[in-house]
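User: I should like to understand how the labels attached to a structure follow from its computed values. May I put some questions about the one below?

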Amino acid sequence: SVLWEVFTPQVIRPQLLRDGFELVKEKGLEVTDDVSIIEAMGLPVRLTPGAYTNIKVTTPDDMMVAEKFMDEIRETKAAV
């Protein structure tokens, strides 16, 4: 088996996710995250390359980290 490191954000079409939540509700399924809902629907989940700097922003602290990443990106581009 292969171990993958995965992180948010996860990308799912909104209607597909709404349909998945309805299935979870109808069948009383227990799921751990959005991707497990898609798997419960019998649909494939795809992995895409990502970056550690592609963070999920949900708190003011997250925003500060995101701004720091953006500053670093701007500085790198300006130096080129």
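User: What makes the backbone oxygen of Asp-33 and a polar atom of the side chain of Ser-36 a polar contact?

Analyst: This is a predicted model, and in it the two atoms lie 2.7 Å apart. A polar contact requires a pair of N or O atoms within 3.5 Å, and 2.7 Å satisfies that limit, so the pair qualifies.

User: Where is Ser-36 found, and why does Ser-36 count as buried or exposed?

Analyst: Ser-36 belongs to helix H2. Its relative accessibility is 14%. Buried means under 20%, so Ser-36 is called buried.

User: Why is the pair of Tyr-52 and Phe-69 called edge-to-face?

Analyst: A search of the whole structure returns one aromatic pair, formed by Tyr-52 and Phe-69. The ring centres are 6.3 Å apart, and the limit for pairing is 6.5 Å, so the rings count as a pair. The planes meet at 80 degrees; an angle over 60 counts as edge-to-face, so that term applies.

User: What does this pair tie together?

Analyst: Tyr-52 sits in the loop between helix H2 (34-40) and helix H3 (60-79), whereas Phe-69 is in helix H3, so the pair links parts 17 residues apart in sequence.

User: How do you know whether Tyr-52 and Phe-69 are buried or exposed?

Analyst: Tyr-52 has 74% relative accessibility, and exposed means over 50%, so Tyr-52 counts as exposed. Phe-69 has 15%, which is under 20%, so Phe-69 counts as buried.

User: Why is Lys-56 called partly exposed?

Analyst: Lys-56 is also in the loop between H2 and H3. Its relative accessibility is 49%. Partly exposed covers values between the 20% and 50% limits, so this label applies to Lys-56.

User: How do you know that the span of helix H1 is close to the expected one?

Analyst: Helix H1 (residues 14-27) has 14 residues and reaches 20 Å from its first C-alpha to its last. At 1.5 Å a residue, 20 Å is expected, and the span is close to that value.

User: Why are the buried residues of H1 said to line one face of the helix?

Analyst: Leu-16, Leu-17, Gly-20, Leu-23 and Val-24 are buried in H1. Seen down the axis, the buried residues fall within an arc of 115 degrees, so they line one face. An α-helix has 3.6 residues a turn, so residues three or four places apart point the same way. What covers the buried residues of H1 includes H2, while Pro-14, Lys-25 and Glu-26, on the other side, are exposed.

Methods:
Residues are numbered from 1 along each chain as its sequence is written. This is a predicted model: local features need pLDDT of at least 70, side-chain atom pairs count only at pLDDT 80 or more; totals for chains, interfaces and linings use all residues. Side-chain values use heavy atoms; hydrogens and water are left out. Rings of Phe, Tyr and Trp (its six-membered ring) pair if their centres lie within 6.5 Å; planes under 30 degrees apart count as stacked, over 60 as edge-to-face and the rest as tilted. Helices (H or I, at least four residues) and strands (E, at least two) are DSSP runs, numbered from the N terminus. Buried means under 20% relative accessible area, exposed over 50%, partly exposed in between (1.4 Å probe, protein chains only). The expected span of a helix is 1.5 Å times one less than its number of residues. The arc is that of the directions from the helix axis to the C-beta atoms. Contact means heavy atoms within 4.5 Å. A polar contact is a pair of N or O atoms within 3.5 Å; within protein, one must be able to donate a hydrogen and the other to accept it, and residues adjacent in sequence count only if both atoms are side-chain atoms.
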